[in-house]
Amino acid sequence: MGILVIAEHDNAALKGATLNTVAAAQQIGGDIDLLVAGENCGAAAEEAAKIAGVSKVLVADNAAYAHQLAENLALLVLELADGYSHILASATTTGKNFMPRVAAKLDVAQISDIIAVESADTFQRPIYAGNAIATVQSSDAVKVITVRSTAFDAAATDGSASVETVAAACDAGKSAFVKEELAQSDRPELTAASVIISGGRGMGNGENFELLEKVADKLGAAVGASRAAVDAGFVPNDMQVGQTGKIVAPELYIAVGISGAIQHLAGMKDSKFIVAINKDEEAPIFSVADYGLVADLFEAVPELESKL
Amino acid sequence: MKVLVSVKRVIDYNVKVRVKSDQSGVDLANVKMAMNPFCEIAVEEAVRLKEAGVAEEIVVVSIGPKSCQEQIRTALALGADRGIQIETDEDLESLAVAKLLAKVVEEEQPGLVILGKQSIDSDNNQTGQMLGALTEMPQGTFASEVAVADGKVAVTREIDGGLQTVSLDLPAIVTTDLRLNEPRYASLPNIMKAKRKPLDTKTPADYGVETAARLKVLKVEPPAERQAGIIVGSVDELVEKLKNEAKVI
């Protein structure tokens, strides 16, 4: 039985998360086919063929898949599902959007956001915002799985898979793409950034986040915030890291003026290195920080910026 | 138009969860429970649609033990018109919940179904999408803006990297993201009034839905503890450690 991985891409290029998802598929074991569905997605398909461990790339190039609307993409995956024992996608907003539709139509339970593969039917996934790790075993014939990309290393890109065209044009005809507004930022996206610097209530106000932005520019980092900073109106809530915001796991997470409430820790405690800058040496953030600096952030952050 | 909202009773998001020592799950005995935060946002959106004259009736449904009636009453106090509780003592998986909700949709024929994007206990983020598939309805997941007009709903969705707007034929499914709205609090008079609003009780058997679990939870463990770090004395030392010891900058 084979594994079908649905590639994440923007038609022009493959998204990095796909490489991590293929790595998870390799751990399950079996022939891996990769589906690239989009419009004018030839370039993404070419990249997909180079991923090590992929035996075949299926390309579905059709206007119906241009923006990967869940309704259409789910129908396509269902069309191709026959013969696969596992169907995997990255736990990105795209994967989370269409995969449960696939699972429901196949009448199987989906296993969301896996962080480890124990065997072909047993997986680990975080629950309660990462405060507990559940090991679950699936009794379904087909395993529909989304993969947390930060939990798996990226697959190598030295492969040479064959490329096959899929003719199916599945259009549910009930949804249409209107527009997209992607954040015009030179900084990386929060969930994909390898370095994140976040501010909390200690920042005092929204203007002071400029201090963090200057450091972020030097490190190529994304800027995040705690719920306290969002609730106080300092910054918009798409910057929120935590249980009800975004869950991140960068190489380096710098928490500035953040006390480290459990809701915040839930969103960032899988970061490889955590740095805390806080003037309160009793702050709970220091109990998870690899490097703590007890100092006034208004002195320490500009100094940090000047020394990078 | 009728709006159907589903709400879930979950552990309060402020509570630090404890894993049971026998690894069978999380200890929920004597723990404060509340409406899932994303469901609160769903209720609020439905109430706003009613206030705007788009929705005529709001039906709120919750699946769980008798205690989940508290969360239905909360939704009624916030402005929902009537409630449906589907009583079960089992902890149902998303697929079973979606199947039950699909039956409610069939019965109630709502123009719009609003759910939270995920519950903060199981973190699955599946039910709304599964309900969409089972009812053949289009879906607007992770919504930060919802506008109903001319038999369609325009949903602005929070996607990785920005926002995407889709137009869906009604009836449709919407799942809420954090930015959609700020839920109101229930006033005391409304809490009193909510006690008199109708609340139907059903069981999965009434709908003929098979709810057996497909996933077996082998164990639930606490996450690995982080190693205690060190306190550095200066910014210089911090930069030096990050460069030479951690090698992350």
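1. Helices (H or I, at least four residues) and strands (E, at least two) are here DSSP runs, numbered from the N terminus. With that in mind, B:G53 can be placed in the loop of chain B that runs between α1 (37–51) and β4 (57–64). The model under discussion is a predicted one, and every remark below should be read as a remark on that prediction. In it, B:G53 has a relative accessibility of 56% and is therefore counted as exposed, exposed meaning over 50%. Its C-alpha atom is separated by 26 Å from that of B:K8, a residue that stands 45 residues away along the chain.

2. Chain B as a whole deserves a few words before its individual residues are taken up. Six helices and 13 strands are assigned in chain B, and its C-alpha trace spans about 65 × 45 × 40 Å along the principal axes. Chain B has 249 residues, of which 54% count as buried. Among the contacts of chain B with a separation of 6 or more, 70% are made by residues that lie 24 or more positions apart.

3. The surface and the charges of chain B can be described together. Its accessible surface comes to about 11000 Å², and 48% of this belongs to carbon and sulfur atoms. Chain B carries 31 positive and 38 negative charges, and the mean positions of the two sets are 2 Å apart. One charged side chain can be singled out: the charged end of B:K117 sits over the ring of B:F142, at 6.0 Å from the centre of that ring.

4. A second loop of chain B, the one between α2 (69–78) and β5 (82–87), holds B:A80. Is B:A80 buried or exposed? Its relative accessible area is 1%, and since buried means under 20%, B:A80 is buried. Apart from its neighbours within four places in sequence, B:A80 is in contact with B:V47, B:I58, B:V60, B:A75 and B:K197. B:A80 and B:E57 stand 23 residues apart in sequence, while their C-alpha atoms are 7.5 Å apart in space.

5. B:L168 belongs to strand β9 (residues 162–169) of chain B, and its relative accessibility of 0% places it among the buried residues. When neighbours within four places in sequence are left aside, the contacts of B:L168 include A:E71, A:K174 and A:S175 in chain A, and on the side of chain B they include B:P138, B:V153 and B:I173. From B:Q118, by contrast, B:L168 is 50 residues away in sequence and 21 Å away in space, taken from C-alpha to C-alpha.

6. A reader checking the backbone may want to look at the loop of chain B between β9 and β10 (172–176), where B:P171 lies. The peptide bond that joins B:L170 and B:P171 is cis, with an omega of about 0°.

7. Turning to chain A, A:Q240 is found in the loop between α6 (227–231) and β14 (252–256), and with a relative accessibility of 4% it counts as buried. Beyond its neighbours within four places in sequence, A:Q240 is in contact with A:A225, A:S226, A:R227, A:V230, A:G245 and A:K246, and also with B:L178 of chain B.

8. Two residues of chain A have a backbone angle that merits a second look. A:N40, which is not a glycine, has a positive phi of about 55°; it lies in the loop between β2 (32–38) and α2 (42–49) and is exposed, with a relative accessible area of 63%. A:A129 is not a glycine either, and its phi is positive at about 55°; this residue is located in the loop between β7 (122–127) and β8 (132–138), where a relative accessibility of 4% makes A:A129 count as buried.

9. Finally, how many aromatic pairs does the structure hold over all chains? It holds one. The ring centres of A:F273 and A:Y291 lie 6.3 Å apart with their planes at 5°, and the pair is stacked because planes under 30 degrees apart count as such. The pair links distant parts of the chain, for A:F273 is in strand β15 (residues 273–278) and A:Y291 in strand β16 (residues 291–294) of chain A, 18 residues apart. A:F273 has a relative accessibility of 18% and counts as buried, and A:Y291, with a relative accessible area of 3%, is buried as well.

Conventions: Residues are numbered from 1 along each chain as its sequence is written. Chains are lettered from A and ligands numbered from 1 in the order in which they are written. This is a predicted model: local features need pLDDT of at least 70, side-chain atom pairs count only at pLDDT 80 or more; totals for chains, interfaces and linings use all residues. Side-chain values use heavy atoms; hydrogens and water are left out. Rings of Phe, Tyr and Trp (its six-membered ring) pair if their centres lie within 6.5 Å; planes under 30 degrees apart count as stacked, over 60 as edge-to-face and the rest as tilted. Buried means under 20% relative accessible area, exposed over 50%, partly exposed in between (1.4 Å probe, protein chains only). A charge sits over a ring if NZ of Lys or CZ of Arg is within 6 Å of the ring centre and within 35 degrees of the ring normal. Contact means heavy atoms within 4.5 Å. Accessible areas come from the Shrake-Rupley method with a 1.4 Å probe; for residues, only the protein chains shown count as cover. Lys and Arg count as positive and Asp and Glu as negative; His and the chain ends are not counted. The place of a charge is taken as NZ of Lys, CZ of Arg, CG of Asp or CD of Glu.
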